[in-house]
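I wanted a first look at this one, so I opened a notebook page. My plan was to start wide and then zoom in on a few spots.

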Amino acid sequence: MEKEELLKMLNHALELEHAAYVQYLSHAELIDGENAEPLIARLREIANDEKEHQEKFRSLIGMLGGTPSMGVAETHPAKTVREILEQNLKDEKEAVDTYRRIHEAVVGRRGKGYYDVLLEHEIRHIIMDEQEHITELELLLGKSGESY
């Protein structure tokens, strides 16, 4: 895989993270009711994780000599708590699938650049964070372990 193709994949990942950040914060504002506070706090916490992922992707893109995207992937509205959790679960799974493809591409480039191990390490950690989000969203939906 050429560096330009890898940069394109990393920028798409960055756009997914931009969208996730906005979406989690927006969805947090829609939740109300008696037990809303813990869920609102957790959605905001996940949004902060997505913000950290943005920073990592920007750094990786810059390290490779690319220009970080300012674009935002598609966001998805939701109204009820269930819709919010379901939509974010779907989006987290899409992110993991995308980041796995990037990870495979980086592993395939091993030995062709000086940043391959660092790229692999950072992307693997982002995947692990996203998998934790999947686990938590499934628990909140009563779907524990379904994604295994």
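Below are my entries, from the whole chain down to single residues.

**Entry 1: the whole thing**

A reminder to myself before anything else: this is a predicted model. I looked up the secondary structure and got four helices and zero strands. Read from the N terminus, the elements go α-α-α-α.

Next I checked the dimensions. Along the principal axes, the C-alpha atoms fill a box of roughly 55 × 30 × 20 Å. I also wanted to know how the radius of gyration compares with that of a compact globule. For 148 residues such a globule would come out near 15 Å, and the protein has 16 Å, so the two agree.

How much of the chain is buried? I got 43% of the 148 residues.

Then contacts along the sequence. I took the contacts between residues at least 6 apart in sequence, and 79% of them join residues at least 24 apart.

**Entry 2: helix pairs**

For each pair I noted two things, since packed helices are described by the angle between their axes and the distance between the axes.

*H1 with H2.* The angle is about 160 degrees and the axes are 8 Å apart. An angle over 145 degrees counts as roughly antiparallel, so that is what H1 is to H2. The crossing of H1 and H2 is left-handed. Which classes of residue make up this contact? I listed 15 nonpolar, six polar and six charged.

*H2 with H3.* H2 covers residues 36-63 and H3 covers residues 81-108. I read an angle of about 20 degrees, with the axes 13 Å apart. That makes H2 roughly parallel to H3, because angles under 35 degrees are put in that group. H2 passes H3 in a left-handed crossing. On the H2 side, the contact uses Leu 39, Leu 43, Ile 46, Glu 50 and Phe 57. On the H3 side I wrote down Val 81, Ile 84, Leu 85, Glu 92 and Tyr 99. Sorted by class, the contact of H2 with H3 has eight nonpolar, no polar and two charged residues.

*H1 with H4.* These are residues 3-30 and residues 116-141. Their angle is about 30 degrees and their axes are 14 Å apart. I noted a left-handed crossing for H1 and H4. H1 brings Leu 6, Leu 10, Glu 17 and Tyr 24 to the contact. H4 brings Leu 119, Ile 123, Ile 126, Glu 130 and Leu 137. The class split for H1 with H4 is seven nonpolar, no polar and two charged.

**Entry 3: four residues in H2**

I then picked a few residues from H2 and looked them up one by one.

*Ile 40.* I found Ile 40 in helix H2. Buried or exposed? Its relative accessibility is 8%, so Ile 40 counts as buried. Leaving out neighbours within four places in sequence, Ile 40 is in contact with Ala 28 and Ile 31. I also checked Ile 40 against Leu 30: they are ten residues apart in sequence, and their C-alpha atoms are 8.8 Å apart.

*Arg 42.* Arg 42 is in helix H2 too. I looked up its relative accessible area and got 17%. The cut-off for buried is under 20%, so Arg 42 is buried. What does Arg 42 touch, leaving aside neighbours within four places in sequence? I found Asp 49, His 133 and Glu 136.

*Glu 52.* Further along helix H2 I stopped at Glu 52. Here the relative accessibility is 45%, so Glu 52 counts as partly exposed. I ran a distance check to Tyr 114, which is 62 residues away along the chain. The C-alpha atoms of Glu 52 and Tyr 114 are separated by 23 Å.

*Gln 54.* My last stop in helix H2 was Gln 54. At 7% relative accessibility, Gln 54 goes down as buried. Which residues does Gln 54 touch, not counting those up to four places away in sequence? My list reads Leu 14, Glu 17, His 18 and Tyr 21. I had already met Glu 17 in the contact of H1 with H4.

How values were computed
Residues numbered from 1 in each chain as written. Predicted model: local features only at pLDDT ≥ 70, side-chain atom pairs only at ≥ 80, totals over all residues. Heavy atoms only, no water. Axes fitted to C-alpha atoms, helices over the stretch in contact; angles between N-to-C directions. Helix = DSSP H or I, 4+ residues; strand = E, 2+ residues; numbered from the N terminus. Parallel < 35°, antiparallel > 145°, perpendicular 65-115°, else oblique. Left-handed = near helix turned anticlockwise from the far one by under 90°. Contact = heavy atoms within 4.5 Å. Nonpolar A, V, L, I, M, F, W, Y, C, P; charged D, E, K, R; others polar. Rg over C-alpha atoms; globule rule 2.2 N^0.38 Å. Buried < 20%, exposed > 50% of the residue type's maximum accessible area, 1.4 Å probe, protein only.
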